[in-house]
Amino acid sequence: QVQLVESGGGLVQPGGSLRLSCAASGNIFSRYAVAWYRQAPGKQRELVAVITTGNTIKYADVVKDRFTVSRDNAKNTVYLQMNSLKPEDTAVYYCNARLTMGGPTILPWGQGTQVTVSS
């Protein structure tokens, strides 16, 4: 079964940057859209960004112009570059595959990676 591993999280000051990585155990990212999600304490998981196999990208309004998603199919990895981080970006970040940009997730959730934005 394909497994997802998110990494790159950490503690960063407001205004700082982090780059998250999402690696898959199988060669799936070349066939599916990949989405980043986040879940803050006490809140529902929310969609952050989606990138399709054709590199069409959609961002949540709250991260637009600050976050950039990209993919490297040869490495089976999708990245989320996060700039100008705000305390409200604090959350556990997850990735998952989708059949289409707007479709449901299709894989078991990974452990996620914690992002904490605090001074």
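## Strand β10 and its partners

Let's start with strand β10, which covers residues 113–117. This is a predicted model, and in it β10 has two distinct faces: T113, V115 and V117 sit on the covered one, while Q114 and T116 sit on the uncovered one.

Two other strands pair up with β10. Strand β2, residues 10–12, runs parallel to β10 and is joined to it by three bridges. Here L11 stands opposite T116. Strand β9 is also linked to β10 by three bridges, but these two run antiparallel. In this pairing, A91 is the residue facing V115.

## A buried asparagine in β9

Stay with β9 for a moment. This strand spans residues 91–98, and N96 is part of it. Is N96 buried or exposed? With a relative accessible area of 0%, N96 falls under the 20% cut-off, so N96 counts as buried.

What does the side chain of N96 reach? It gets to the backbone oxygen of L107, at 2.9 Å. Leaving out residues up to four places away in sequence, N96 also touches a whole group of others, including L4, A33, V34, A35 and Y37. From further along the chain, T105, I106, P108 and W109 are among its contacts too.

## The β7–β8 hairpin

Now for another pair of strands. In a regular strand, side chains alternate between the two faces of the sheet. Strand β7, residues 67–72, shows such an alternation: F67, V69 and R71 point to one face and are buried. T68, S70 and D72 point to the other face and are not buried.

The partner of β7 is strand β8, residues 77–82, which runs antiparallel to β7 and is joined to it by six bridges. One facing pair is T68 in β7 and Q81 in β8. Together the two strands make a hairpin with four residues between them. In the turn, N76 has a positive phi of about 50°.

## The core

Where do the strands come together inside? The largest nonpolar core has 29 residues, and W36, L80, M82 and Y93 have the most contacts within it. At least two residues of this core come from each of β3 (18–24), β4 (33–39), β5 (46–51), β7, β8, β9 and β10.

Take L80 as an example. Apart from neighbours within four places in sequence, L80 is in contact with W36 and Y93, both of them listed with L80 among the core residues with the most contacts. Other contacts of L80 include L18, L20, V48, A49, F67 and V69. R19 and T68 are on the list as well.

Methods
Residues numbered from 1 in each chain as written. Predicted model: local features only at pLDDT ≥ 70, side-chain atom pairs only at ≥ 80, totals over all residues. Heavy atoms only, no water. Buried < 20%, exposed > 50% of the residue type's maximum accessible area, 1.4 Å probe, protein only. Pairing = 2+ DSSP bridges. Polar contact = N/O pair within 3.5 Å; in protein donor to acceptor, adjacent residues only side chain to side chain. Contact = heavy atoms within 4.5 Å. Core = buried A, V, L, I, M, F, W, Y, C linked by side-chain atoms within 4.5 Å.
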